[in-house]
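This report concerns the pockets of one protein model. The sequence and structure are shown first.

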Amino acid sequence: MLVRKLSETDDMTYGQGRSNFIAQAPAVAQSVYTRLRLLRGEWFLDTDAGVPYLQDVTIKPANLSLAESAIKQAIIATTGVKELRTFQLLFDPATRRATVQATVTTDYDDVQNITVKL
C-alpha cells in the first residue's frame, strides 16, 4: 500500500518526490486516520464513504454504543487492517470533543497505534 503523506496540518504533501509518500504499515495507519476524519456523505464520488457522525453519532440523546460500533466498523473496513486489537472512545463533555485511540494489526504483520481527535 502506498499513500500520499499528510503534513502536520493534515494537508497532502507535494514537491519532494517519493518522500511525499508512505508505504506499508504507516500507510495503513494514515488510512485509518483519514477514514475516521471523513464524514459520511462528504466525498461526492462515494457518498456512503466515511463515518456517520452527523447521522448516527452526534444525535441527541447520545448513543455511545452506536457511535463505537460505527467507528469500529470504519476501522475494520480500512484496506490493510487485519485486526482491531484495542479500541477506546474518550469523550470530554467540557469541550464536547472526542478522541479515538485504537491499536490495529496490519496486513504487514505490524502493530500500529492510532489516535484521532474528532
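The two largest pockets are described in turn below, followed by a table.

The model is predicted. Its largest pocket encloses about 610 Å³ of space. Lining this pocket are 19 residues, and those closest to its centre are Val57, Thr58, Phe91, Arg96 and Ala98. Five elements are listed as giving two or more residues to the lining: helices H1 (24–37), H2 (53–57) and H3 (64–76), together with strands S3 (81–92) and S4 (97–106). Of these, H3 gives the most, with 3 residues. In terms of class, the lining of the largest pocket comprises 13 nonpolar, 2 polar and 4 charged residues.

The second largest pocket has a volume of about 320 Å³. Its lining consists of 17 residues, and Arg35, Leu38, Ala49, Gly50 and Val51 lie nearest the centre. Helices H1 and H3 each supply at least two residues of this lining. The greatest contribution to the lining of the second largest pocket comes from H3, with 5 residues. By class, this lining divides into 8 nonpolar, 4 polar and 5 charged residues.

The class composition of each lining is set out here.

| Pocket | Nonpolar | Polar | Charged |
|---|---|---|---|
| Largest pocket | 13 residues | 2 residues | 4 residues |
| Second largest pocket | 8 residues | 4 residues | 5 residues |

Helix H3 thus gives the most to the lining of the largest pocket and also gives the most to the lining of the second largest pocket.

Terms used. Residues are numbered from 1 along each chain as its sequence is written. This is a predicted model: local features need pLDDT of at least 70, side-chain atom pairs count only at pLDDT 80 or more; totals for chains, interfaces and linings use all residues. Side-chain values use heavy atoms; hydrogens and water are left out. On a 1 Å grid over the protein atoms alone, a cavity is a set of points where a 1.4 Å probe fits but cannot get out, and a pocket is an open set with protein on both sides within 12 Å along at least five of seven lines; lining residues have an atom within 4 Å of a point. Grid points are joined across faces, edges and corners, and a volume is the space filled by probe spheres set on the points. Helices (H or I, at least four residues) and strands (E, at least two) are DSSP runs, numbered from the N terminus. Ala, Val, Leu, Ile, Met, Phe, Trp, Tyr, Cys and Pro count as nonpolar, Asp, Glu, Lys and Arg as charged, and the others, Gly among them, as polar.
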